[in-house]
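Open the model in a viewer and set it to show both cartoon and side chains. The stops below are meant to be selected one after another.

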Amino acid sequence: MAFLGCFGYKLIKRGGVPDARVIVEDDKDDGLDCTTITGQVTRYTSGELKKFTTNFSTSKLIACGGFSTVYLAEFPNSTLGAVKIMDSSSEHLNRIYKQELDILLQIQHDNIVRLLDHCDDAELGNMLVFEYVPNGTLQDKLHGKRDTIIPWRNRMTVAFQLAQAIEYLHEKSPLQIVHSDIKASNILLDKQFNCKLCDFGSAKMGFSSSVLPPTNRMMLGSPGYTDPHYLRTGIASKKNDIYSFGVVILELISGVEAFSSDTGERLISKAAPVLKNVSTVAEMVDPRLNGDYELEEAKAMASLAALCLSNCSSLRPSASEILEVMRSRMSSISFLCSVDKKV
């Protein structure tokens, strides 16, 4: 299962579909396969990345998981980045890296973490270099230290921006992409609590609605977020992401984790009564908000979550339909709609 890992430095507004081409330069000195993304000025070798992270010092460690480790890097111009070193010890892990890289090279959106560079090193591992997103993950902020309370307006902003990222992947990117691992720990937050979706290690691309994986493929997913339809059938589709988005909505409303490792209980089970009767949503709103939220918006978001979590995947809304509902019923995000960002 993909574990967190990423990133940030400064929020950069972008528009349009990026040129997916890359400039490949031979490195005759060290024999490394390093490429620079179109539009970037500098290409870094693994030796330079090692230097920027103080020899991959533990003091620069941002996150680690079963197959990757992320370090904070300081570049010569004093900007920050995040270097994700991925295990390259097997053919399978190399395929995952190549697939993630292939996707990242072809996407560009304000609410998706930006790939800055990449480098393949047989000794150190495959490396992806990302912008550094300084405010941690939604998982940290909602379920970590309890002294951090995300205001209602920021929560709704995260939901709206996440829906924008999903719409881009599903409907507006060069290749239609299913992220397949949308969860709070894969949602990064910048200083203004803007959302940046990360970790494309489980993503699938190049199909319009669904694809049936090989029968010997092990079904993976994050507890509490994975679409039961996918677990039953093995069919990956855009509706899997919509289901996971519905779970994130419930987390934003309630402040409760999607899955309790202590009790094994899923948030969707706890929220079942509210999903059946959204007029009772006040009962599940995060008490840390101290009543500082919009009740009608909470009802609207609970209704939206119910649709996203429908047992019948065909009844779940598309990302564009989700955005239309939010634009029409969420006054707290009207400032985002008035800007009318284009990607």
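Begin with the strands. This is a predicted model. Select β4, residues 61-64, together with β5: the two pair in the antiparallel sense over three bridges. For a single bridge to look at, pick cysteine 64, whose partner in β5 is threonine 69. The connection from β4 to β5 is a hairpin through three residues.

Keep β5 on screen and add β6, residues 80-86. These strands also run antiparallel, joined by seven bridges. Serine 68 is found opposite methionine 86 of β6. Five residues lie between β5 and β6 in their hairpin, and in the turn serine 78 has a positive phi of about 75°.

Is β5 enclosed or open to the outside? Strand β5 covers residues 68-74, and five of its seven residues are buried, so the strand is largely enclosed by the rest of the structure.

Next, turn to the rings. Five aromatic pairs are found in a search of the whole structure. Select phenylalanine 52 and phenylalanine 75: this pair is edge-to-face, with 5.6 Å centre to centre and 80° between the planes. Phenylalanine 52 belongs to helix α1 (residues 46-52), while phenylalanine 75 sits in the loop between β5 and β6, so the pair ties together parts that are 23 residues apart in sequence. Phenylalanine 52 and phenylalanine 75 are both buried.

Now select phenylalanine 56 and tyrosine 71. Their ring centres are 5.3 Å apart and their planes stand at 55°, so this pair is tilted. Phenylalanine 56 is in the loop between α1 and β4 and tyrosine 71 is in strand β5, 15 residues apart; the pair thus links distant parts of the chain. Both of these residues, phenylalanine 56 and tyrosine 71, are buried.

Before leaving the rings, add Tyr44 to Phe52 and Phe75: these three form one aromatic cluster.

The last stop is proline 317. Select the loop between α9 (295-308) and α10 (319-329), where proline 317 lies. Why does proline 317 count as buried? Its relative accessibility is 11%, and buried means under 20%.

Which residues does proline 317 touch, leaving aside its neighbours within four places in sequence? Show Lys239, Ile242, Leu307, Cys308 and Ile322, which are in contact with proline 317. To finish, draw a distance between the C-alpha atoms of proline 317 and tyrosine 243: they are separated by 9.6 Å, although the residues are 74 apart along the chain.

Conventions. Residues are numbered from 1 along each chain as its sequence is written. This is a predicted model: local features need pLDDT of at least 70, side-chain atom pairs count only at pLDDT 80 or more; totals for chains, interfaces and linings use all residues. Side-chain values use heavy atoms; hydrogens and water are left out. Helices (H or I, at least four residues) and strands (E, at least two) are DSSP runs, numbered from the N terminus. Buried means under 20% relative accessible area, exposed over 50%, partly exposed in between (1.4 Å probe, protein chains only). Contact means heavy atoms within 4.5 Å. Two strands pair if DSSP finds at least two bridges between them. Rings of Phe, Tyr and Trp (its six-membered ring) pair if their centres lie within 6.5 Å; planes under 30 degrees apart count as stacked, over 60 as edge-to-face and the rest as tilted.
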